[in-house]
Amino acid sequence: MSRNLLTIALPKGKLLEDSVSLLVRAGINCGEIDEDSRKLVFEFPEEEVRCIICRPTDIPTYVEFGAADIGFVGKDTIIEQNKDVAELVDLKFGYCRFVVAAPEEDLPADLSRFELYSLNHKRVATKFPRVAETFFGARGMQVGVIKLHGNIELAPRVGLAEMIVDIVSTGKTLRENRLKEVAQILEATTRMVANRVSYRMKYRRIQELQDRLKELVNGEEK
Amino acid sequence: MKRNTLGLQVPVGTADILPQDQAFMRQLERGFLDLFVKWAYEEVSTPALEYLAVINPQIEKGDSLYKFFDREGNILALRPELTTPIARMVATRLKGSALPLRLCYAAEVFRYGTSARREFRQAGVELVGSSSPAADAEVITLAVDALRGAQVNDFQINLGQIEIIRGLISDMGLKPETGLVIEDCLARKDFVALELALIEAGLTQSQSEVIMSLPSFHGGEEVLDRVEKLAESPRTLAAINNLREVYAALDLFGVRREVGIDLGVLRGFDYYTGVVFEGYAPGLGFPLIEGGRYDGLLGNFGFDCPATGFAVNMERLVSILTPPSYSAAQVLVTGRDMQAMIERARALRAQGLSVEIALEPIDAAAAKQYADSKGIARVETL
């Protein structure tokens, strides 16, 4: 394997398009990447770049083991996976928030009269057990965390849990399921992460890309 | 009783090592220990079990230890590395020795973490009782020689200095808690959080840039000239000068080509006090070697004394090498006269050969086939 080859892990799904277009603008000619082709590996020999398409939740693992040198992944996934990777740039797209939400009918009409502590000893359904445990644990609260893999909003409707911890971007899903946000845990956007050894061994290439991405992202803000 | 389910398995993160792999591991470790002994390091061994009070006195702090109660109710832990147990041993048992002490080891360590291996072997050295840059250069040279001796053809050692970073932060006159937040972000290599923390702490643009650019101090000696321009206090200048001296000493030891200066080696802020280094190999996502100076650790055991050292992760090392094939025996002795065969085998063993005696009489063709299947080069039939 060439010592200079840079392997970039990109998340399939809604973050892929923004990731690819950002890389193209950063000067890496990888515009041909297309999820519909079902290809998982895209080689760009003239750029000494290889892109791999992974499930978003797997990206921290690929990067931690060095199977990918860098990856684009949501902060929500980074926090939940808690892997040893270097977090280099906030790419600012893919904004979402972690929130605690509960069914409207269980909440007072005036949310300011709601006490988070009333959720003690209740069950929380989530795809993010670490985030949920950390959030409630830090407040000295005791809740039962139930790990699910999708459609979290279903859990309170059928009595599996009294509340959920999930990521929301527009809040549409919550509204459709008559759930209301009762607390924000944190905000998340997509990040560029790097394997800690690649970051030192392929320092020049990674630093160059990091600087270009940072410039692009911050330029857009102004 | 017949075993089933758990009775047929090993605990998660552990593994049996079969003869070929064990022979390779033993050969590598013997090579390391022989090398260390030639540099006057003496091999020691500490218990696999220690009191938790030795390994992690801050019981509140999260760790990745295997912990048990003994029958008296004390908490025991399996050692996650050897440096702390050796520091305890030196401080309690070898205090009166002439310094410096040079110690080495090869042993299992145990980390109840998420990685694939939770029990693995480390080989390493500790050089206790010298704060000289030559001491740091000596252990770095040993790290380079160890990897060369193990036929690792492509590797690099990155050398940083924790005290330079601490010095630069303290030169900015920040509140101590801000300094800790910065160190924490650096240790986690979370540069996004770091940038936010710097803004929140009200650092000037140029101060922020200094800290954010630490990983870019990467290269040869010119890096030190660049960082020197940023240093304000005698403390920071002394740390830079220390790294300069270690780097110069590496030249004397003849290993400077393998070592690059890299202030982005950010590790173990709570443990290391001076130069820190990591050894990398292409294609391996984790460091092969980790080491550095820890002048505060022995003091925690009541024996204030500078020290430096490193450890090689043997499982990671083996994963990037191609093992040769080993045969259990070099000679197979066959025949019908057991007495003669035993005597012949004894004579051959006295010549230093490993010899297998055929326990049943077998014909020449069967002997040849058996020897081939086991990689035994020579068959003697009596």
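**Entry 1: the interface**

I began with the area that chain A and chain B bury between them, which comes to about 2,100 Å², with 53% of it on carbon and sulfur atoms. I chose that quantity since the size of an interface is often given as the accessible area lost when the parts come together. I note here that the model I am reading is predicted, and that the predictor gives the complex an ipTM of 0.87 and a pTM of 0.91. When I looked up the contacts across the interface, I found 21 residues of chain A touching 24 residues of chain B.

**Entry 2: charged and polar pairs across the interface**

How many salt bridges are there between chain A and chain B? I noted 4 salt bridges between the two chains, and one that I looked up by name joins Arg196(A) to Glu278(B), where the closest N and O atoms lie 2.5 Å apart. For polar contacts between chain A and chain B, I recorded 8 residue pairs, with both residues of each pair at pLDDT 80 or more. I then asked which elements give two or more residues to the side of chain A that touches chain B, and I found β5 (86-90), α7 (196-201) and α8 (203-221) of chain A. The residues on this side of chain A divide into 9 nonpolar, 2 polar and 10 charged.

**Entry 3: chain A by itself**

Turning to chain A, I looked up its secondary structure and found 8 helices and 11 strands. The C-alpha atoms of this chain fill a box of roughly 60 × 35 × 30 Å, taken along the principal axes. Of the 222 residues in chain A, 50% count as buried. I also checked the contacts in chain A with a separation of 6 or more, and wrote down that 66% of them are accounted for by residues 24 or more positions apart.

On confidence, chain A averages a pLDDT of 92, and 98% of its residues score at least 70. Where in chain A is confidence lowest, and where is it highest? I found the lowest mean, 89, in α8(A), and the highest, 97, in strand β11 (residues 190-194) of chain A. I add that α8 of chain A is also among the elements giving two or more residues to the side that touches chain B.

**Entry 4: chain B by itself**

For chain B, I counted up nothing myself but noted a secondary structure of 14 helices and 15 strands, and a box of roughly 90 × 50 × 45 Å filled by the C-alpha atoms along the principal axes. Buried residues make up 49% of the 382 residues of chain B, and among contacts between residues at least 6 apart in sequence, 68% join residues at least 24 apart. The mean pLDDT of chain B is 93, with 100% of the residues reaching 70 or more.

**Entry 5: two places in chain B**

I looked first at helix α14 (residues 364-374) of chain B, at the start of which a side-chain oxygen of Asp363(B) reaches to within 3.2 Å of the backbone nitrogen of Ala365(B). Just after α14(B), I found that Gly375(B) takes a positive phi of about 70 degrees.

I then turned to Asn56(B), which is found in the loop between α2 (52-55) and β3 (67-69) of chain B. Is Asn56(B) buried or exposed? Its relative accessibility is 11%, so Asn56(B) counts as buried, the cut-off being under 20%. Leaving aside the neighbours within four places in sequence, I found Asn56(B) in contact with Lys61(B), Asp63(B) and Leu65(B).

How values were computed. Residues are numbered from 1 along each chain as its sequence is written. Chains are lettered from A and ligands numbered from 1 in the order in which they are written. Side-chain values use heavy atoms; hydrogens and water are left out. pLDDT is the predictor's confidence in each residue, from 0 to 100. Contact means heavy atoms within 4.5 Å. Buried area is the accessible area (1.4 Å probe) that two parts lose on being put together, summed over both. A salt bridge is a side-chain nitrogen of Lys or Arg within 4 Å of a carboxyl oxygen of Asp or Glu. A polar contact is a pair of N or O atoms within 3.5 Å; within protein, one must be able to donate a hydrogen and the other to accept it, and residues adjacent in sequence count only if both atoms are side-chain atoms. Helices (H or I, at least four residues) and strands (E, at least two) are DSSP runs, numbered from the N terminus. Ala, Val, Leu, Ile, Met, Phe, Trp, Tyr, Cys and Pro count as nonpolar, Asp, Glu, Lys and Arg as charged, and the others, Gly among them, as polar. Buried means under 20% relative accessible area, exposed over 50%, partly exposed in between (1.4 Å probe, protein chains only).
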